[in-house]
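Opening the notebook on a structure I haven't looked through before. I'll pick two residues and write down what sits around each.

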Amino acid sequence: MLYRLPAYHREGRLNAVIETPRGSRNKFTFEPESGAFRLGKQLPAGSVFPFDFGFVPSTLADDGDPLDVLVLLETATFPGCVVRARVVGVIDGEQTSRSGKTAANPRLIAVATKSTEYAAIRRLNELPQSLIDEITHFFVSYNAAVGKTYRPTARSGRGPRRR
C-alpha cells in the first residue's frame, strides 16, 4: 500500500505520492482502506493545481493526514505516481475547518529529481518570488473555495530534516 511506502527512498530522496496532477480542477484523495483514489472535490472554474500535489507516505501531520507536498515538475503526472524529489522549502500555515477547528498544515515544496527546468533549485528562495506568491495564493484560495481558511505563517528554505 502507498501509506507503507517509506518517506524517503534508499538514495535519500523524498517519495511523493501524487494525488492530484498539475493543471487539474479535480482534487483526488487517496483512501488507504481501499487502496484507491477517489474524487474528493472540484475546484471552481478557472482554478487549477499549479503543480502536482500529493503526500509523503509514512508521515503524519497535525491534521491527522500525511504531510502535504507540492512537486515542481514541468508536466503533470497522474494520481498514484510516486515521484522522487528533494525538498526545497516549506510554506507553514494554519488551516481552519468549516467547524472552526484550527491545525498546523505545512505544505512542503519539492523539486522532482527528473525535472529539467527546476533542476538547479536547492532552496525555496531561489524560485522567483512571483511563483512563491502564486503558490501561496493557490493554497489560500483553494481552501476558501471549500469553506476553509488557510493562513500562511512562514516560509522556510528546506523543510523538515530527515531522521
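Below are my entries on two residues, looked up in a predicted model.

**Entry 1: Asp-52**

I started with Asp-52 and found it in strand β4, which covers residues 52–55. Next I asked myself: is Asp-52 buried or exposed? It's buried, and it has no salt bridge. I checked for a partner anyway, and the nearest side chain of opposite charge belongs to Arg-22, 6.7 Å away. A salt bridge would need the charged atoms within 4 Å, so that pair doesn't make the cut.

So what does the side chain of Asp-52 reach? I noted the backbone nitrogen of Arg-22, at 2.7 Å. I also found a polar contact of 2.5 Å between the side chains of Asp-52 and Thr-77.

Then I listed the wider surroundings, skipping neighbours within four places in sequence. Asp-52 is in contact with Ile-18, Thr-20, Pro-21 and Arg-22, and also with Val-69, Leu-70, Val-71, Thr-75, Ala-76 and Thr-77.

**Entry 2: Ser-115**

I moved on to Ser-115, which I located in the loop between β8 (107–112) and α1 (129–145). Why do I call Ser-115 buried? Because its relative accessible area is 6%, and the cut-off for buried is under 20%.

Which residues does Ser-115 touch, leaving out those up to four places away in sequence? I wrote down Leu-72, Leu-73 and Glu-74. With Glu-74 there's a side-chain to side-chain polar contact of 2.8 Å.

Last, I looked up Ala-85: Ser-115 is 30 residues from it in sequence, and their C-alpha atoms are 9.1 Å apart in space.

Terms used. Residues numbered from 1 in each chain as written. Predicted model: local features only at pLDDT ≥ 70, side-chain atom pairs only at ≥ 80, totals over all residues. Heavy atoms only, no water. Helix = DSSP H or I, 4+ residues; strand = E, 2+ residues; numbered from the N terminus. Buried < 20%, exposed > 50% of the residue type's maximum accessible area, 1.4 Å probe, protein only. Lys, Arg positive; Asp, Glu negative; His and termini not counted. Polar contact = N/O pair within 3.5 Å; in protein donor to acceptor, adjacent residues only side chain to side chain. Contact = heavy atoms within 4.5 Å.
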